[in-house]
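Q: I have just opened this entry and would like to learn how to read it. Could you walk me through a few features, one at a time?

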Amino acid sequence: MQTFGLMVATAEGIGILHELTGVIARRGGNIVSVDIQGEVAGEARTFFEIEMTANPQELVDELATLPIVREAALVKTLQAIYGTRIIIAGGGAQVGQVALGAISEADRHNIRGERISVDTIPLVGEAPIADAVRGVARLSRARALVLAGVIMGGDIERAVREVREQGLIVVSLNMAGNVPEAADLVVTDPVQAGVMTVMAVASTAKFSIGQLNRRVF
């Protein structure tokens, strides 16, 4: 199986995705992810990441024969370009400091062939942060979440436990509230929290949260 990216520009209308996926299925393609981009000037663009054993160019050529298709082309996958994603959410100042550590450490691994990207979202309030935590589990390529703030608890703590059950790594700053009790790892220094999170997801780092003798630093 090889994984490749496919960008298709089509007319806008009902049943477009059905026609595209029908061709992909007939060619034996397994759709790993799909992103339907916004319609612009009557044209819709859909990005697929597909696994298949056959020559992907044959799939592109067949898609190009559909009346609804204006352009179809092979492109690099987002995994190849942006790689694993780390999400940092919480208070603005704390988020910035965690990002400083994460971006610096990610750069060290990326120049060695790794692909790690860092996303940030400053948020205030229990409900918005809890929604963001649950949303990370639905994000493509997201492997770790860092919660950066001075106090978090309630529904945020419940959300943390939910996403950890789905395989997401959650790192928390050492803050007030019960979120640190629910996280995989608790780090007091925000810069160090960013560094350790990158190390936890990097294939080029010899570091595993599961091998630590303690979880609070």
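Q: Let me start with a strand pairing. Which residue in β7 does G90 stand opposite?

A: Happy to start there. G90 stands opposite A148, which belongs to β7. Please keep in mind that this is a predicted model. The two strands run parallel, and 6 bridges join β5 to β7 (residues 142–148).

Q: Which other strand is joined to β5 by bridges, and how many bridges are there?

A: That partner is β6 (residues 116–122), joined to β5 by 7 bridges, and this pair also runs parallel. To find one meeting point, look at A89, which has I121 of β6 opposite.

Q: What unit do β5, α4 and β6 make?

A: Follow the chain from β5 through helix α4 (residues 92–110) to β6: together they make a β-α-β unit, and it is right-handed.

Q: How should I read the side chains along a strand, and which way do those of β5 point?

A: The general idea is that side chains in a regular strand alternate between the two faces of the sheet. In β5, T84, I86, I88 and G90 point one way, while R85, I87 and A89 point the other way.

Q: Are the residues of β5 buried or exposed, and why is that worth noting?

A: Residues with under 20% relative accessible area are called buried. In strand β5 (residues 84–90), 7 of the 7 residues are buried, so the strand is largely enclosed by the rest of the structure. For the chain as a whole, 44% of the 217 residues count as buried.

Q: What comes just before β5, where G83 is placed?

A: G83 lies in the loop between α3 (78–81) and β5. This glycine counts as buried because its relative accessibility is 0%. Leaving aside residues up to four places away in sequence, G83 touches L78, R115, S117 and R141. You can also compare positions along the chain and in space: G83 and A142 are 59 residues apart along the chain, and 9.1 Å separates their C-alpha atoms.

Q: R141 was in that list. What is its phi, and where is R141 placed?

A: As a general guide, most residues other than glycine have a negative phi. R141 is not a glycine, yet its phi is positive, at about 70°. You will find R141 in the loop between α5 and β7.

Q: Which residues of helix α5 are buried, and what do they pack against?

A: Within α5 (residues 126–136), the buried residues are I129, A130, A132, V133, G135 and V136. The buried residues of this helix pack against β5, β7 and α6 (155–165).

Q: Now for the outside. Which residues make the nonpolar surface patch?

A: L17, I31, V34 and I36 make a nonpolar surface patch of about 320 Å². Strand β2 (residues 30–36) gives the most to the patch, with 3 residues. I36 is part of β2, and I36 counts as exposed because its relative accessibility is 53%.

Q: To finish, how many helices and strands does the chain have, and what does its C-alpha trace span?

A: There are 8 helices and 9 strands in the chain. Along its principal axes, the C-alpha trace spans about 60 × 35 × 30 Å. The chain has an accessible surface of about 10,900 Å², and 52% of that belongs to carbon and sulfur atoms. Contacts tell you about the fold too: among those between residues at least 6 apart in sequence, 71% join residues at least 24 apart.

Note on methods
Residues numbered from 1 in each chain as written. Predicted model: local features only at pLDDT ≥ 70, side-chain atom pairs only at ≥ 80, totals over all residues. Heavy atoms only, no water. Buried < 20%, exposed > 50% of the residue type's maximum accessible area, 1.4 Å probe, protein only. Helix = DSSP H or I, 4+ residues; strand = E, 2+ residues; numbered from the N terminus. Pairing = 2+ DSSP bridges. Right-handed = clockwise from strand over helix to strand, strands pointing away. Contact = heavy atoms within 4.5 Å. Patch = residues over 30% accessible without salt bridge, like charges linked within 9 Å, V, L, I, M, F, W, Y side chains within 5 Å. Areas by Shrake-Rupley, 256 points an atom, 1.4 Å probe, with all protein chains shown as cover. Salt bridge = Lys/Arg side-chain N within 4 Å of Asp/Glu carboxyl O.
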